[in-house]
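Please read the following report with the sequence and the 3D structure open beside it, and look up each residue as it is named.

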Amino acid sequence: MSIIALAPDYESKVEPRDPLKNFHGNMLVYVHWEEHLSFCSAIAFPLPPVMPFGALVSEVIAPHYAAHPDASKIDWSKAEWMIDGEKKTPDFDASLEANGMHHKSLVRFWTPGLSGVAFS
Amino acid sequence: MSGTKKLALRQRYEYLTRGLDWETTYQPMDKVFPYDSFEGIKIKDWSAWEDPFRLTMDSYWKFQAEKERKLYAVLDSFAQNNGQTTISDGRYANVLKLFLTGISPEEYQAHRGFAFTGRHLRGAGARVAAQMQSLDELRHLQTQVHTISHYNKYFDGIAEWPLMHDRVWYLSVPKSFFDDARSAGPFEFMIAIGFAFEYLLTNLLFVPFMSGAAYNGDMSTVTFGFSAQSDESRHMTLGIEIIKFLLEQHPDNLPIVQKWVDKWFWRGHRLLGIVAMMMDYMLPKKVMSWKEAWDIYFVEAGGALFQDLGRYGLKMPKYADIATAEAEHISHQNWAVFYQYTHAAAFHTWMPDNEHLDWLSEKYPNTFDKYYRPRWEMWAKMEKEGKRFYNPALPQLCQTCQIPMAYTEPGDPTTICFRSTQYKGDTYHFCSDGCKDIFCDEPEKFVQAWLPVHQIFQGNCGGATVPDVLKWYHMNVGADNMDYVGSPDEKLWNEWHAEKLRQAG
Ligand SMILES: [Fe+2]
Ligand SMILES: [Fe+2]
Ligand SMILES: [Zn+2]
């Protein structure tokens, strides 16, 4: 569907507020640790597309989830990943881009054997 | 017989509106009223508009002035008697912070919206009704500000409410709700605010706040509630009148109105999540649970309403069943958001004590012990160990409702609900099918949403670090934010309490 607007050429005046170019060379990435609802929602980061996936894990994901009692027990080699709705085995040495990620990609991961306290 | 004989109210109302809907001749009517046709609503006969109140201006002023006198008398005596010291608990002040920062600015937005609508509808009856409601809403803002300004002398987090409304992440939720309604055409505004908000959902907003105030010894707020009540019954009547009028005027209006009802029901349901959290977590003395309120005011009363509107072909709002299922969860999920982002909120949070936990277990037998109590107990334990749980990152927000995407899949409370769509090569994320549908119907509008988290990353909110952003929010760090325990609010409250005990000997 398309908006019904007063101005007939309204659509041509629309400026989306969050295109890639507004983020100073970064792209938005959302990350969510499944079965750990202590973290109320996915978390958002502006990141360089050339960042290696391994750096995303060690420098971004791990420290931001460190407060959880399960965090120290994570074996990252066993984590299961879903990127934009598809199960993936990311290449930790390749960049986010090379792993198929783009502006506003959503990365969900599971840590088998770890599911918090009643999924919290 | 007598020229001074008082006219009947109905007659006076007819004099009031008589001739206000003249046909313009210098300019064509469509140019004088440029906003009331593009939405596709067809009106055959504006004179069929029934104003059920027929309130004239002089009786309006008299009536409102009387209420104002009463209100300000109560506020004066509340201040003289230090009413702030006899509320149930210092925690209660946080309910007022939420109200003044999250609800009162929307009274002002409602005032602006009804002023616009009152100018741009072609029918005189509807125009007068909208203008009166516009005045009411301005009065509501004023009385709320005056009432709560007394609390501002003692409690933190209230002083910067207008600026915070425009900047703070969670206040973008009510702000964007009204921005959306006010940037729609006048008929959608009337369905959004007049019908969905003021008629369908109003009891879930005002009754909890006002009875919460009564239960917690806040007589000043109770009084502004009373002072607004007779206005609200007029607003409700206007809301039901507008929907019936549109549905009676032309059969082509039905699908348009249904779409708006679906949209604004869902947006309203999301917005009311803060009331849910307030009722279940923030009132020191509880009135009823959110779930109970939802069952009474939406499932029962709303069900009867839609049964009645069924004769026009109007159906229950889409996803009403999902909203009802969510009534078991949203208060807990929202409180979890604010607990972990307490460093960035202008009111205090806390973990419920045992008595409160038991109340929640009793009120939510299907969900609380299974999904939420273990989390609260884990966090309480972490707090005791000196590891109070905070979320150090910024949350992903829903493109439509702008709330952190904290809601779970229908039927699976252990998994976050993720929805997304593509529009012109970009991805957009949503908390629910309801929010996704709203976006997909008008993507041109919602791609322009001012999402606080994205704005921070774009560098538009004072800087890149949390302290930079809080400074830009005018947040008094260490006083406005963080837990109630250890706050200046708590310290002051304990001093008042100790003084009372001392005086009682
Ligand atoms: Fe109001
Ligand atoms: Fe109202
Ligand atoms: Zn949403």
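The protein donors of the iron ion (ligand 2) are B:Glu137 (OE), B:Glu198 (OE), which is listed twice, B:Glu232 (OE) and B:His235 (ND1), and they lie 2.2 to 2.7 Å from the ion. Donors here are N, O and S atoms within 2.8 Å of the metal (3.2 Å for Na, K and Ca), and since water is not among the atoms, sites may look incomplete. Along the chain, the donors of the iron ion (ligand 2) follow the spacing E-x60-E-x33-E-x2-H. B:Glu137 lies in helix α6 of chain B and B:His235 in helix α11 (residues 219-249) of chain B, so this pair ties together parts that are 98 residues apart in sequence. Helices (H or I, at least four residues) and strands (E, at least two) are DSSP runs, numbered from the N terminus.

This is a predicted model, in which local features need pLDDT of at least 70 and side-chain atom pairs count only at pLDDT 80 or more, while totals for chains, interfaces and linings use all residues. Residues are numbered from 1 along each chain as its sequence is written, chains are lettered from A and ligands numbered from 1 in the order in which they are written, and side-chain values use heavy atoms, with hydrogens and water left out.

Which residue coordinates both the iron ion (ligand 1) and the iron ion (ligand 2)? It is B:Glu137 that bridges the two ions, which lie 3.3 Å apart. The iron ion (ligand 1) is coordinated by B:Glu107 (OE), B:Glu137 (OE) and B:His140 (ND1), at 2.0 to 2.2 Å, and its donors are spaced E-x29-E-x2-H along the chain. Because B:Glu107 lies in helix α5 (residues 104-120) of chain B and B:Glu137 in helix α6 (residues 124-152) of chain B, the pair ties together parts that are 30 residues apart in sequence.

The zinc ion (ligand 3) has a set of sulfur donors, namely B:Cys398 (SG), B:Cys401 (SG), B:Cys431 (SG) and B:Cys435 (SG), at 2.3 to 2.4 Å. In sequence these donor residues are spaced C-x2-C-x29-C-x3-C. The four donor atoms subtend angles of 105 to 115° around the zinc ion (ligand 3), which makes the arrangement tetrahedral; four donors count as tetrahedral if all angles lie between 85 and 135 degrees. Both B:Cys431 and B:Cys435 are buried.

The term buried means under 20% relative accessible area, exposed means over 50%, and partly exposed lies in between (1.4 Å probe, protein chains only). The table gives the relative accessible area of some residues named in this report.

| Residue | Relative accessible area | Class and citation |
|---|---|---|
| B:Glu107 | 6% | buried |
| B:Glu137 | 0% | buried |
| B:His235 | 1% | buried |
| B:Tyr339 | 0% | buried |
| B:Trp379 | 0% | buried |
| B:Glu442 | 10% | buried |

Over all chains, the structure holds 58 aromatic pairs. Rings of Phe, Tyr and Trp (its six-membered ring) pair if their centres lie within 6.5 Å, and planes under 30 degrees apart count as stacked, over 60 as edge-to-face and the rest as tilted. B:Tyr339 and B:Trp379 form a stacked pair, at 4.9 Å centre to centre with 15° between the planes. B:Tyr339 lies in helix α16 (residues 330-340) of chain B and B:Trp379 in helix α18 (residues 368-384) of chain B, so the pair ties together parts that are 40 residues apart in sequence.

Empty space is the last topic. On a 1 Å grid over the protein atoms alone, a cavity is a set of points where a 1.4 Å probe fits but cannot get out, and a pocket is an open set with protein on both sides within 12 Å along at least five of seven lines, while lining residues have an atom within 4 Å of a point. Grid points are joined across faces, edges and corners, and a volume is the space filled by probe spheres set on the points.

The largest pocket has a volume of about 980 Å³. Of the 47 residues that line it, the closest to its centre are B:Asp180, B:Lys263, B:Glu442, B:Lys445 and B:Phe446, and α12(B) gives the most to this lining, with seven residues. B:Glu442 is placed in the loop between α19 and α20 of chain B.

There are seven cavities of 30 Å³ or more, and the largest cavity holds about 170 Å³ of space. Among its 17 lining residues, B:Tyr170, B:Val173, B:Ile274, B:Phe338 and B:Ile403 lie nearest its centre. The helix that gives the most to the lining of the largest cavity is α16(B), with three residues.

Terms used. Tetrahedral: all angles 85-135°; square planar, octahedral: opposite > 155°, others 65-115°.
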